[in-house]
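Here are my notes on this model, as numbered points. Have the coordinates open while you read.

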Amino acid sequence: MDSPDRIPKQPLHPSIIPKLDPEYVQFHEKYIQYETPAYMVPWDPIKARAVQSFDVGSREPLEVGKIEEFEIPMKLGDGRKTPVRAYTPPGKPSVAGWPLLLYFHGGGWTVGRLDTETSLITYLCVGAKCVVLTVDYRLAPENKFPAAVEDTVEALQWVIINGKARLNVDTSKIATGGNSAGGNLAAVLAIKSAQTSFNPPLPKPMLLQLLLVPPVDQTSTDAPGGRWEGNKHAPILPSVLMNRAKERYLRNEEDRLNWEASPLFAPEEVLRKAPKAWIGIGEMDILCDEGEAYAEKLKRCEVETECVVYGGGTHAVFLLDRILKISANAVSDAVNALAKAFGTAES
């Protein structure tokens with residue numbers, strides 16, 4: 001008889017196995033299927049936020065030149081400060097300073113911290129020769145939408161005013177990016193940064209929005225005709241887990257249609273001003289359809305956009321680069337896209 005911890009709790013659905021990357025199937029059957037799904041565990045923010053997902057599948061972080069942690073003051077007048085971590089690459093910057101990526105972690109807007117996705121962040125930092133500033137934005141359900149969006153905006157405002165003096169960054173070379181929920185926040189920030197009302201304005205338009213498996217449509221479901229229907233049996237991010245994250249993040253049903261929660265619904269006249277985008281998504285992710293739809297809408301709005309769909313890839317396609325070739329390729333592609341935008345790509 002199997003021991004309790006070796007009983008499959010989330011086996012792969014038979015219909016999905018032939019469509020998945022074979023290396024992922026092996027990984028899932030060795031590790032993931034025996035883990036209790038997060039949606040089956042009563043919500044406990046302390047326990048949930050102590051978990052570091054997919055560490056077993058990520059490469060060791062690269063050595064960077066310097067890592068600093070500090071707090072930046074927010075402007076809401078309540079004395080609140082937001083923790084941030086800055087990764088500076090090895091070597092010396094140009095006279096103008098380092099390019100900067102403002103990065104937001106994943107975790108369904110409810111979990112995650114500065115330690116989340118460290119390996120991926122160091123690869124972006126070293127590979128694109130840029131400072132990566134990660135933001136410990138406020139989490140739901142304690143702080144519902146739009147708290148996290150407000151934190152992203154104020155982090156960018158801080159960079160514009162203080163980035164050169166504090167981090168030696170070139171504020172004319174800024175990009176934003178993130179994984180999963182962080183990609184959602186990065187997409188929203190990219191749009192907001194291009195509006196004439198953004199204050200203080202960027203010295204130059206943002207160079208790139210690097211969106212990794214981003215949720216961009218809060219109305220998506222796995223019901224017949226819904227965006228998730230085709231991948232409703234996909235692993236890693238089941239619809240029940242995504243729906244619970246939305247319920248904790250959003251205040252009400254109306255928020256689902258707000259483009260600051262669902263950037264896919266941003267008006268075309270607003271999207272036309274957005275910076276160019278690089279979007280990476282897994283073919284076997286419930287978010288695949290909405291990611292592709294967002295890329296198509298950006299292209300219709302004449303925003304330079306590259307969308308890469310990783311065949312057989314899951315929602316964790318950027319986080320399993322130690323054991324999956326497809327994930328190592330995805331991380332490399334993201335690094336190259338960022339380096340190209342910054343003009344730091346190797347010739």
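1. Start with one residue pair: Leu100 has Val131 of S4 as its bridge partner. That bridge belongs to the pairing of strand S3 (residues 98-104) with strand S4 (residues 131-135), which is parallel and runs over four bridges. Strands here are DSSP E runs of at least two residues, helices are H or I runs of at least four, and both are numbered from the N terminus. Two strands pair when DSSP finds at least two bridges between them.

2. A word on provenance: this is a predicted model, where local features need pLDDT of at least 70, side-chain atom pairs count only at pLDDT 80 or more, and totals for chains, interfaces and linings use all residues. Residues are numbered from 1 along each chain as its sequence is written, and side-chain values use heavy atoms, with hydrogens and water left out.

3. Now the whole sheet. The order is S1-S2-S4-S3-S5-S6-S7-S8, an open sheet of eight strands with mixed pairing. Strand S1 (66-73) and strand S8 (305-310) are the edges, each pairing on one side only. On average, neighbouring strands are turned by 20 degrees against each other, direction ignored. (Axes are lines fitted to C-alpha atoms, for helices over the stretch in contact; angles run from 0 to 180 degrees between N-to-C directions.)

4. Which strands does helix H8 lie across? Helix H8 (residues 288-300) crosses strand S6 (208-212), strand S7 (277-282) and S8, at about 160 degrees to S7. Helix H9 (residues 325-342) also packs on the sheet, touching S3, strand S5 (169-179), S6, S7 and S8, and its direction makes about 170 degrees with that of S6. Contact means heavy atoms within 4.5 Å.

5. Check the backbone in the loop between S4 and helix H4 (147-167), where Pro141 is found. The peptide bond joining Ala140 and Pro141 is cis, with omega about 5 degrees. Pro146 lies in that loop between S4 and H4 too, and the Phe145 to Pro146 bond is cis, with omega near 10 degrees.

6. Trp109 is not a glycine, yet has a positive phi of about 65 degrees. Trp109 sits in the loop between S3 and helix H3 (118-127).

7. There is one cavity of 30 Å³ or more, and the largest has a volume of about 30 Å³. Its lining includes Asp21, Tyr24, Thr314 and Leu324. (A cavity is a set of points on a 1 Å grid over the protein atoms alone where a 1.4 Å probe fits but cannot get out; lining residues have an atom within 4 Å of a point. The volume is the space filled by probe spheres set on the points, which are joined across faces, edges and corners.)

Definitions and conventions
1 Å grid on protein atoms, 1.4 Å probe; cavity = no way out; pocket = protein on both sides within 12 Å on 5 of 7 lines; lining within 4 Å.
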